[in-house]
Amino acid sequence: RAGDAIACAFRSRGSFLRASGVVSRWQSWLVRLRRGSLPDPRMAREVSVRVGFVGLGAMGEPMVRSLRRAGFSVTACAHRRRDALERLLATGVAEAANPAAVAAESDVVMICVPDSPQVEEVLFGSDGVAAGACAGTRVVDMSTISPMASRRFAERLKVAGIGFVDAPVSGGPARAEGGTLTIMVGGDESDVRTVQPVLDRKSVV
């Protein structure tokens, strides 16, 4: 499950991977979600992945709608914005009380919050992701934060058997809604491979 220590994708702040002793290479996937299309039945295995989401702001809310259109089950918590969660509940999103509860119901937990302190709170607070995730869960941080913070978070999660993928996004809310974000992905190859089906449904990676 650990996979080879080769990064499946890499971006300009690659010091996160180099400092971790991970060899890296670029790999791109060009996948666009057709707005409003039904999931392809051939992709049933990937769509069965349970996705959690924390951070329902201007980018997070449309990302979740895109995931729902792609056929994923999504669990989310209010975090800072109850109004966004209320809108998403109408699309079939399941509500959880906090990030720990989101992680307990998810195979992949996605985070999109403003900066490193908020990511750390979501991950390691008393009701954080680390408190609810089991070994084998993957965390995808889509926030734009310091590479050193990403490395630190990855190392802390690794102790608990939780994978970490650093995946900041480029593109505004309209592209998030349409599933055509550019996502710059860095992490261990096995972790990136696991979360790739989720990212492919909502991005140009």
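**Exercise 1. Burial along helix H10**

Task: In this predicted model, find which residues of H10 are buried.

Solution: Start by going along the helix residue by residue. Glu-189, Ser-190, Asp-191, Val-192, Val-195, Gln-196, Pro-197, Val-198, Leu-199 and Asp-200 are buried in H10. That gives 10 of the 12 residues of H10, so by the under 20% cut-off the helix is mostly covered. Next, look at what H10 lies against: the helix, residues 189–200, lies across S3, S6, S7 and S8, and runs at about 65° to S7. Finally, check the length of H10. At 1.5 Å a residue, its 12 residues should span 16 Å, and the end C-alpha atoms are 16 Å apart, so the two agree.

**Exercise 2. Laying out the sheet**

Task: Work out in which order the six strands of the open sheet stand, and which strands stand at its edges.

Solution: Read the strands across the sheet. The order is S5-S4-S3-S6-S7-S8, with parallel pairing. Strand S5 (94–95) and strand S8 (163–166) have a single partner strand each, so one side of each is left without a neighbour in the sheet; these are the edges.

Now add a helix to the picture. Helix H3, residues 60–69, packs on the sheet and touches strand S3 (50–54), strand S4 (73–76) and strand S6 (108–111). The direction of H3 makes about 170° with that of S3.

Then take the pairs one by one:

- S3 and S4 run parallel and are joined by four bridges; Arg-50 has Ser-73 in S4 as its bridge partner.
- S6 and S7 also pair in the parallel sense, over four bridges, and Ile-111 stands opposite Asp-141 in S7.
- S7 (residues 138–141) pairs with S8 in the parallel sense over four bridges, and here Asp-141 stands opposite Asp-166 in S8.

Asp-141 thus appears twice: opposite Ile-111 and opposite Asp-166.

**Exercise 3. The two faces of strand S7**

Task: Decide which residues of S7 point one way and which the other way, and whether they are buried or exposed.

Solution: Begin with the general pattern. In a regular strand the side chains alternate between the two faces of the sheet. In S7, Arg-138 and Val-140 point one way, while Val-139 and Asp-141 point the other way. All of these are buried.

Arg-138 deserves a second look. This residue has its place in strand S7, and at 5% relative accessibility it counts as buried because that value is under 20%. A polar atom of the Arg-138 side chain lies 3.0 Å from the backbone oxygen of Gly-136.

**Exercise 4. Building the nonpolar cores**

Task: Find how many residues the largest nonpolar core has, and which of them have the most contacts inside it.

Solution: First, the count: this core has 33 residues, and Phe-53, Met-63, Met-110, Val-140 and Met-142 have the most contacts inside it. Second, the contributors: S3, H3, S4, helix H4 (82–89), S6, strand S10 (181–183) and H10 each supply at least two residues. Of these, H10 gives the most, with four residues.

Third, zoom in on one member. Setting aside neighbours within four places in sequence, Val-140 is in contact with Val-108, Val-109, Met-110, Ile-111, Val-165, Ala-167, Val-195 and Leu-199. A second, separate core has 21 residues, including Ile-111, Val-113, Phe-153 and Leu-157. As a general background, nonpolar side chains tend to be buried together in soluble globular proteins.

**Exercise 5. Val-109, and then the whole chain**

Task: Describe where Val-109 lies and what it is in contact with.

Solution: Val-109 lies in strand S6 and, at 0% relative accessibility, counts as buried. Beyond neighbours within four places in sequence, its contacts are Gly-52, Val-102, Ala-103, Val-129, Thr-137, Arg-138, Val-139 and Val-140. For distance along the chain, take Phe-53: Val-109 and Phe-53 are 56 residues apart, yet their C-alpha atoms are separated by 5.7 Å.

Now step back to the whole protein. Among contacts with a separation of 6 or more, 65% are between residues 24 or more positions apart. Buried residues make up 52% of the 205 residues, and the secondary structure comes to 10 helices and 11 strands.

Conventions: Residues numbered from 1 in each chain as written. Predicted model: local features only at pLDDT ≥ 70, side-chain atom pairs only at ≥ 80, totals over all residues. Heavy atoms only, no water. Pairing = 2+ DSSP bridges. Contact = heavy atoms within 4.5 Å. Axes fitted to C-alpha atoms, helices over the stretch in contact; angles between N-to-C directions. Core = buried A, V, L, I, M, F, W, Y, C linked by side-chain atoms within 4.5 Å. Buried < 20%, exposed > 50% of the residue type's maximum accessible area, 1.4 Å probe, protein only. Expected span 1.5 Å × (residues − 1). Polar contact = N/O pair within 3.5 Å; in protein donor to acceptor, adjacent residues only side chain to side chain.
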